[in-house]
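Biologist: I would like to learn how to read a structure like this at my own pace. Could you walk me through some of its features?
Modeller: Gladly; let us look at the picture together.

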Amino acid sequence: MDAVVFSLSDHVLNTLPQAVIMADAAGQIIYANAQAEVFFRSSAGILKRHGLNYFLPPASPLIGLITQVIQSGTAVNEYHIDLSSPRMGTERMVDVQVTPVSEIPDQVVILFKETAMAEKLNRQMSHRGAARSVTGLAAMLAHEIKNPLSGIRGAAQLLEMSARDAANESDCELTQLIRDEADRIVALVDRMNVFSDERPIERSAVNLHTVLGHVKTLASHGFASHVTIREDYDPSLPRVWGNRDQLIQVFLNLIKNAAEAIEPEERSGRKGEILLTSAYKAGMHMIVPATGERLSLPLEYCVIDNGGGVAPDILPILFDPFITTKTNGSGLGLPLVAKIIADHGGMIECESFSGKTIFRILLPIWKQDSTVL
């Protein structure tokens, strides 16, 4: 009978969307439900073998909470505990509930609830707001800058003709410089015009593994020829509801950024590598602001590189326009990626620390009755 009860309890715990573990006073893990394996990124066997101290950052307050609960015999809730570490990943802010097990001395049940998810959703809204600000800026620039620039360029061209007639090479160089800079500004405004396109995107059922394979081929024979690109896909994933050309543009941009973040082997002493992954992640939902629809985003696609990482002060504003660490970068690539993913009803986030950067994209599944958002 006890075995049947334990099996039923185990089944119930495994259906919970939160991570639940049972641990003793020393932090040794005795039980972990299915979501705990996802939360700690390790199997239950590894969790039990290594214990909490192996996964937690140094001097984590969680160990103190366990001691407090065991000594007092009362449950404790603690909010916004930072579990960020190389094993747990960055930005792992959680709320925890630690409860004593009355029937078993010196053991507690710990429930983890990630608070980062609300913050991630807030950042998605910020990314979309940033894209909208670029939309307005692009429309303004097209009217207020391109027209005067065409006049400046025309005047420079006339001056260049006069300078050539007078055989004044110095003036010719200056007028050519004016024309080149005017053309450069026009090209920048044209790049921004894509943000002002608010037309519904044309969608179909897209096999993203085919898209990733196409992008990998392009990258391997071009800008990413100096790195190794590996693939780790879940072949059973269904298709996504999206625009193939735009999704190619998204992953080309992300892989190009990853390749540029990796130093040559002769300087870094290690072989550069980009890993493309796909996985099914149940339980992720998002409310579509325009319609109020609750959209499931179970399809996860990642671009992971072993470059130097993103600076901590840049990470929170990485998807804002004109933010770049490249010498000649415009800072419009990632805002465009964020806009495309938002137009697809998805989410994008970045997790980075020294030696590893992960761009994670969550997208909806294609269904027979899918419609444009």
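Biologist: In which sense do strand β13 and β14 pair, and over how many bridges?
Modeller: One thing to keep in mind is that this is a predicted model. To read a pairing, follow the two strands and check their directions. Here β13 (residues 347–353) and β14 pair in the antiparallel sense, over 7 bridges. Ser352 has Thr357 of β14 as its bridge partner. The hairpin of these strands has 2 residues between them, and Gly355 there takes a positive phi near 90°.

Biologist: Which strand besides β13 is joined to β14?
Modeller: That is β12, which runs antiparallel to β14 and is joined to it by 7 bridges. Cys302 is a good place to look, as it stands opposite Arg360 in β14. Strand β14 (residues 356–363) is mostly covered, with 7 of its 8 residues buried.

Biologist: And what joins β9 to its neighbours?
Modeller: You can trace it one strand at a time. β9 and β12 run antiparallel and are joined by 7 bridges, with Ala279 opposite Glu300 in β12. Strand β7 (residues 228–232) runs parallel to β9, and 5 bridges join the two. Within that pair, Arg230 has Leu275 in β9 as its bridge partner.

Biologist: Why is strand β9 called largely enclosed?
Modeller: The count of buried residues tells you. In β9 (residues 273–280), 6 of the 8 residues are buried, so the strand is largely enclosed by the rest of the structure.

Biologist: Where do side chains point in a regular strand?
Modeller: In general, they alternate between the two faces of the sheet.

Biologist: Now a charged residue: is Glu300 buried or exposed?
Modeller: Start with the relative accessibility; anything under 20% is called buried. Glu300, in strand β12, has 11% and therefore counts as buried. Next, look for a polar partner: the side chains of Glu300 and Arg360 are joined by a polar contact of 3.2 Å. Away from its sequence neighbours within four places, Glu300 is in contact with residues including Thr277, Ala279, Lys281 and Ile361.

Biologist: What about Asp305, is it buried or exposed?
Modeller: The same steps work. Asp305 is also placed in β12 (residues 299–305). With a relative accessible area of 4%, Asp305 is buried. A polar atom of its side chain lies 2.8 Å from the backbone nitrogen of Gly307. Not counting residues up to four places away in sequence, Asp305 touches several others, among them Ala258, Glu273, Gly355 and Thr357.

Biologist: Let us turn to helices. How far apart are the end C-alpha atoms of helix α5?
Modeller: They are 16 Å apart. At 1.5 Å a residue, the 12 residues of α5 (residues 61–72) should span 16 Å, so the two values agree. Then ask which residues are hidden: Leu62, Leu65, Ile66 and Val69 are the buried residues of α5. They cover an arc of only 100° around the axis, so they lie on the same side of α5. After the helix comes Gly73, with a positive phi near 75°.

Biologist: How many residues of helix α12 are buried?
Modeller: In α12 (residues 333–343), 10 of the 11 residues are buried, so you can read this helix as mostly covered. Those buried include Leu334, Val337, Lys339 and Ile341. Gly345 follows α12, and its phi is positive, near 75°.

Methods: Residues are numbered from 1 along each chain as its sequence is written. This is a predicted model: local features need pLDDT of at least 70, side-chain atom pairs count only at pLDDT 80 or more; totals for chains, interfaces and linings use all residues. Side-chain values use heavy atoms; hydrogens and water are left out. Helices (H or I, at least four residues) and strands (E, at least two) are DSSP runs, numbered from the N terminus. Buried means under 20% relative accessible area, exposed over 50%, partly exposed in between (1.4 Å probe, protein chains only). A polar contact is a pair of N or O atoms within 3.5 Å; within protein, one must be able to donate a hydrogen and the other to accept it, and residues adjacent in sequence count only if both atoms are side-chain atoms. Contact means heavy atoms within 4.5 Å. The expected span of a helix is 1.5 Å times one less than its number of residues. The arc is that of the directions from the helix axis to the C-beta atoms. Two strands pair if DSSP finds at least two bridges between them.
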